[in-house]
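Q: Could you take a close look at one part of this model for me? I'd like the charged and aromatic side chains walked through in one go, with the surroundings filled in afterwards.

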Amino acid sequence: MERIGVGIDIGGSGIKGAPVDLGAGELTAERLREPTPQPSRPAAVARVVADLARTITGGLGDAGQGLPLGVTFPAVIQHGTARTAANVHEAWIGTDVQALLAEATGHPVHVVNDADAAGVAEARFGAAKGVRGVVLVATLGTGIGTALLVDGVLVPNTELGHLEVGGHDAETRASDAAREREDLTYKQWAKRLQAYFGALEALFWPDLLVVGGGVSRKSEKFLPLLELRTPIVPARLQNQAGIVGAAVLAAERAGS
Ligand code: BGC
């Protein structure tokens with residue numbers, strides 16, 4: 001019988017969730033999405049997460065009862081507590097996200113940084129499946145999130161989107177939001193990605209670089225322009241990666 005988990009992905013504009021087949025790394029029902037409340041204070045967000053969790057676990061019948069929920073959050077998460085807040089209200093900083101959401105949903109909850117969840121999903125089921133050694137996953141979106149995996153094991157909270165490159169916080173220049181904001185051509189943007197990934201490979205010497213985020217669907221427009229010593233490939237799980245990775249980590253944490 002397939003083992004089922006649940007993943008919920010909290011972002012600055014949307015909160016998404018679905019049940020996940022933990023063996024296949026695939027959603028077993030349609031992904032639900034609710035807008036992130038504005039302002040995105042903890043109590044308001046927790047209510048939306050609780051609604052989504054109720055609908056998703058309710059759809060699983062008896063199997064949904066007490067099921068651990070994996071939740072992604074766009075911030076540094078140390079042992080369940082948010083230490084930063086990117087694109088969500090600053091009231092989250094210092095909040096025990098895990099305890100808050102466990103209380104709101106009535107389920108055990110495991111919270112993880114959004115890029116870390118995506119990285120785990122790519123390592124288990126996607127572009128980095130079976131790759132030994134050092135893998136760096138970078139999600140290019142509103143910011144840049146990163147996940148570092150060594151032989152498939154996650155080193156959490158690497159925050160390499162904030163690496164200083166050319167005197168700038170890298171994500172302010174090389175994120176997909178920067179490309180859109182400054183109306184850059186893919187060629188212009190690729191120059192910035194070259195500087196960013198060049199700096200990453202000089203410091204980490206990864207065996208593989210994986211590029212995620214919505215723009216990775218158009219990777220043929222910019223990946224071929226990069227000259228790196230490290231192989232660089234697009235992510236495979238696209239917008240499901242966070243949900244899948246969080247569900248897997250929550251199930252493992254719960255020992256199932
Ligand atoms: C945050 C990271 C997050 C990334 C993607 C960055 O600004 O510092 O924690 O993973 O954005 O959301």
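What follows is a walk through one patch of side chains, and then a look at its wider setting.

A: Sure. Keep in mind that this is a predicted model. A good place to start is R179, which shares helix α5 (residues 176–181) with D176. The two are three residues apart there, about one turn of the helix. Their side chains meet in a salt bridge, at 2.7 Å from N to O. Both ends of that bridge are buried: R179 has a relative accessible area of 12%, and D176 comes in at 11%.

R179 has another acidic partner, E180, and here the closest N and O atoms are 3.8 Å apart. That is still a salt bridge, because the cut-off for one is 4 Å. E180 is a different story when it comes to burial, since its relative accessibility of 55% makes it exposed.

Move along to E182, in the loop between α5 and α6. Its side chain forms a salt bridge with that of R192, 2.8 Å from N to O. R192 belongs to helix α6, and the pair, ten residues apart, links distant parts of the chain. E182 is partly exposed at 36% relative accessible area, while R192 counts as buried at 16%. As for how these bridges connect, D176, R179 and E180 are joined into one network through shared partners. Across the whole structure, a search finds six salt bridges.

Now back to R179, as this arginine also leads to the aromatics. Its charged end sits over the ring of W189, 5.6 Å from the ring's centre. So what does W189 itself pair with? A search of the whole structure turns up five aromatic pairs. In one of them, the ring centres of Y186 and W189 lie 6.2 Å apart with the planes at 65°, so this pair is edge-to-face. Y186 and W189 are three residues apart in helix α6 (residues 186–204), which means about one helical turn separates them. Y186 is buried, and W189 is too. Add F222 and you have one aromatic cluster made of Y186, W189 and F222.

Another aromatic pair is Y196 with F197, and this one is tilted, with 5.3 Å from centre to centre and 55° between the planes. Both Y196 and F197 are buried. There is also an arginine over a ring at W205: R229 lies over its face, 3.9 Å from the ring centre.

For the wider setting, the domain assignment splits the chain into domain 1 (4–113) and domain 2 (127–235). Their centres, taken over C-alpha atoms, are 25 Å apart. The contact between them takes six residues from domain 1 and four from domain 2.

One last acidic residue deserves a look. D116 is in helix α3 (residues 114–125). Which side chain of opposite charge is nearest to D116? It is R253, 11 Å away, and D116 has no salt bridge even though it is buried. Leaving out neighbours within four places in sequence, D116 is in contact with T146, A147, L154, V155, P156 and N157. Set that beside D176, buried at 11% relative accessibility, whose side chain meets R179 in a salt bridge.

Conventions:
Residues numbered from 1 in each chain as written. Predicted model: local features only at pLDDT ≥ 70, side-chain atom pairs only at ≥ 80, totals over all residues. Heavy atoms only, no water. Helix = DSSP H or I, 4+ residues; strand = E, 2+ residues; numbered from the N terminus. Buried < 20%, exposed > 50% of the residue type's maximum accessible area, 1.4 Å probe, protein only. Lys, Arg positive; Asp, Glu negative; His and termini not counted. Contact = heavy atoms within 4.5 Å. Phe/Tyr/Trp six-rings, centres within 6.5 Å; stacked < 30°, edge-to-face > 60°. Lys NZ or Arg CZ within 6 Å of the ring centre and 35° of its normal. Domains from an automatic or database assignment.
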